[in-house]
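Me: Hey, I've just opened this one and I don't know my way around yet. Could you walk me through it?

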Amino acid sequence: MLGQPTTFWGKVRRTNDGAGCEWHPLFDHSADVAAVVEALLALPVWRRRLARLAGQDLDEAGWARLCVLAALHDLGKLNIGFQAKGRADLGTTAGHVTEALGALFRNDVFSCLGALSGWGEGVTGLLVAAICHHGRPHNQAMADGAWQSSWWTPRGGLDPRAGAAELLDRCRTWFPKAFDTGAALPETSGFSHAFAGLVTLADWLGSDTRSFAFSQAGDAERMPLARAAARSAVAEMALDIALPVRRHAKGRDAFRRVASPDYSPRPAQGAILALPQDEHGSITVLE
């Protein structure tokens with residue numbers, strides 16, 4: 001989008017001539033990141049790893065719920081202070097992480113999120129992990145200090161509470177299975193840490209404009225495009241490689257493809273080369 005943002009924005013940048021700005025709607029960025037999480041969770045190795053950390057095999061509702069929580073990672077950008085970074089008329093600026101945490105535990109701001117309470121005791125910790133996707137762990141004291149009611153009070157045509165409700169409504173459309181009956185989300189710390197890393201990676205990929213170009217006026221609903229872009233981005237990162245692609249047409253093993261002709265593999269390298277290839281992917285620990 002070109003010009004001053006007309007609704008909640010998630011990404012903004014100056015045009016090449018420095019005279020104007022381009023912006024990407026917050027809900028579209030949310031779709032981008034959630035689509036990347038969905039693409040990553042479709043990889044068997046990633047699912048097995050997360051299931052092991054969870055101590056349970058999540059059902060389809062559970063996997064979809066993780067996508068919803070990823071879509072909510074930038075809830076803090078709904079605050080007026082953050083939006084002021086792209087609109088000078090809104091006044092004093094603010095961040096979006098501690099600000100979100102400061103509002104999260106005040107029922108009057110994100111009351112719509114009460115719809116997630118049936119997802120189990122682990123949902124709050126996982127949402128906090130998603131919000132903290134820039135790497136700094138949750139600090140309640142900092143969150144309490146970041147609270148300002150004015151940031152969440154409607155101004156300039158923006159209503160943060162209505163924005164949160166609209167984002168959740170979009171999540172219902174994007175991931176309907178998440179709102180079906182399902183097992184409770186796990187509460188284990190290892191799973192929360194892994195999910196935090198998953199969202200961090202997804203936000204990094206979903207913010208790369210080479211794969212996820214900014215939306216333009218008149219574009220169709222974002223999620224179908226986001227899903228296609230996410231699958232391509234995950235493949236380009238070599239995170240999802242079909243087994244036939246891993247095999248060389250002339251039968252040369254992976255070592256011969258990268259080593260010089262006069263270099264022989266060491267015993268440990270030879271042992272790795274002899275391992276069977278799992279079409280669903282695998283992880284090898286070398287000690």
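Reply: Sure, we'll start with the overall picture and then go through some helices, salt bridges and single residues. One thing up front: this is a predicted model.

Me: Ok. How many helices and strands does the protein chain have?

Reply: There are 13 helices and 2 strands in the protein chain.

Me: And what box do the C-alpha atoms fill?

Reply: Roughly 70 × 50 × 35 Å, taken along the principal axes.

Me: What share of the residues is buried?

Reply: Buried residues make up 43% of the 287 in the chain. As for the outside, the accessible surface comes to about 14,700 Å², and 53% of that belongs to carbon and sulfur atoms.

Me: What about contacts between residues far apart in sequence?

Reply: Take the contacts with a separation of 6 or more: residues 24 or more positions apart account for 70% of them.

Me: Let's zoom in. Which residues of helix 2 are buried?

Reply: Helix 2 covers residues 44-54, and V45, L50, A51 and A54 are buried there.

Me: What covers them?

Reply: The cover includes helix 1 (26-41), helix 3 (60-71) and helix 9 (189-206).

Me: What comes just after helix 2?

Reply: G55, which takes a positive phi of about 75 degrees.

Me: Back to A54 for a second. How far is it from A165?

Reply: Their C-alpha atoms are separated by 29 Å, and the two residues are 111 apart along the chain. A165 has its place in helix 8 (residues 160-174).

Me: Why does A165 count as partly exposed?

Reply: Because its relative accessible area is 28%, and partly exposed runs from 20% to 50%.

Me: Switching to charges. How many salt bridges are there?

Reply: The count comes to 10 salt bridges. One of the pairs is E38 with R227, at 2.7 Å from N to O.

Me: Where do those two sit?

Reply: E38 lies in helix 1 and R227 in helix 10, so the pair ties together parts that are 189 residues apart in sequence. E38 counts as partly exposed at 27% relative accessibility, and R227 also counts as partly exposed, at 23%.

Me: Got another one?

Reply: R161 and D108 meet in a salt bridge of 3.4 Å, N to O. That pair links distant parts of the chain, 53 residues apart: R161 is in helix 8, while D108 is in the loop between helix 5 and helix 6 (122-131).

Me: Are those two buried or exposed?

Reply: Somewhere in between. R161 is partly exposed at 30% relative accessibility, and D108 is partly exposed with a relative accessible area of 47%.

Me: What does R210 pair with?

Reply: R210 forms a salt bridge with D208, and their closest N and O atoms are 2.7 Å apart. R210 counts as exposed at 76% relative accessibility, whereas D208 is partly exposed at 22%.

Me: Which charged residue is buried yet has no salt bridge?

Reply: E99 is one of that kind. The nearest side chain of opposite charge is K85, 7.4 Å away. A salt bridge needs the nitrogen and oxygen within 4 Å, so K85 at 7.4 Å doesn't qualify.

Me: What does E99 have around it then?

Reply: E99 lies in helix 5 (residues 98-104). Its side chain makes a polar contact of 3.2 Å with the side chain of T98. Not counting residues up to four places away in sequence, E99 touches N79, A94, A146, W151 and W152.

Me: New topic: where is S215?

Reply: S215 is in the loop between helix 9 and helix 10 (222-236).

Me: Buried or exposed?

Reply: S215 is buried, with a relative accessible area of 1%. Its side chain is joined to that of D28 by a polar contact of 2.6 Å.

Me: What else does S215 contact?

Reply: Leaving aside neighbours within four places in sequence, the residues in contact with S215 are M1, W23, H24, P25, D28 and R222.

Me: Last one. Which residues make a nonpolar patch on the surface?

Reply: I272, L275 and L286 make one of about 270 Å². I272 lies in helix 13 (residues 267-273) and is partly exposed, with a relative accessible area of 40%.

Definitions and conventions: Residues numbered from 1 in each chain as written. Predicted model: local features only at pLDDT ≥ 70, side-chain atom pairs only at ≥ 80, totals over all residues. Heavy atoms only, no water. Patch = residues over 30% accessible without salt bridge, like charges linked within 9 Å, V, L, I, M, F, W, Y side chains within 5 Å. Areas by Shrake-Rupley, 256 points an atom, 1.4 Å probe, with all protein chains shown as cover. Helix = DSSP H or I, 4+ residues; strand = E, 2+ residues; numbered from the N terminus. Buried < 20%, exposed > 50% of the residue type's maximum accessible area, 1.4 Å probe, protein only. Lys, Arg positive; Asp, Glu negative; His and termini not counted. Polar contact = N/O pair within 3.5 Å; in protein donor to acceptor, adjacent residues only side chain to side chain. Contact = heavy atoms within 4.5 Å.
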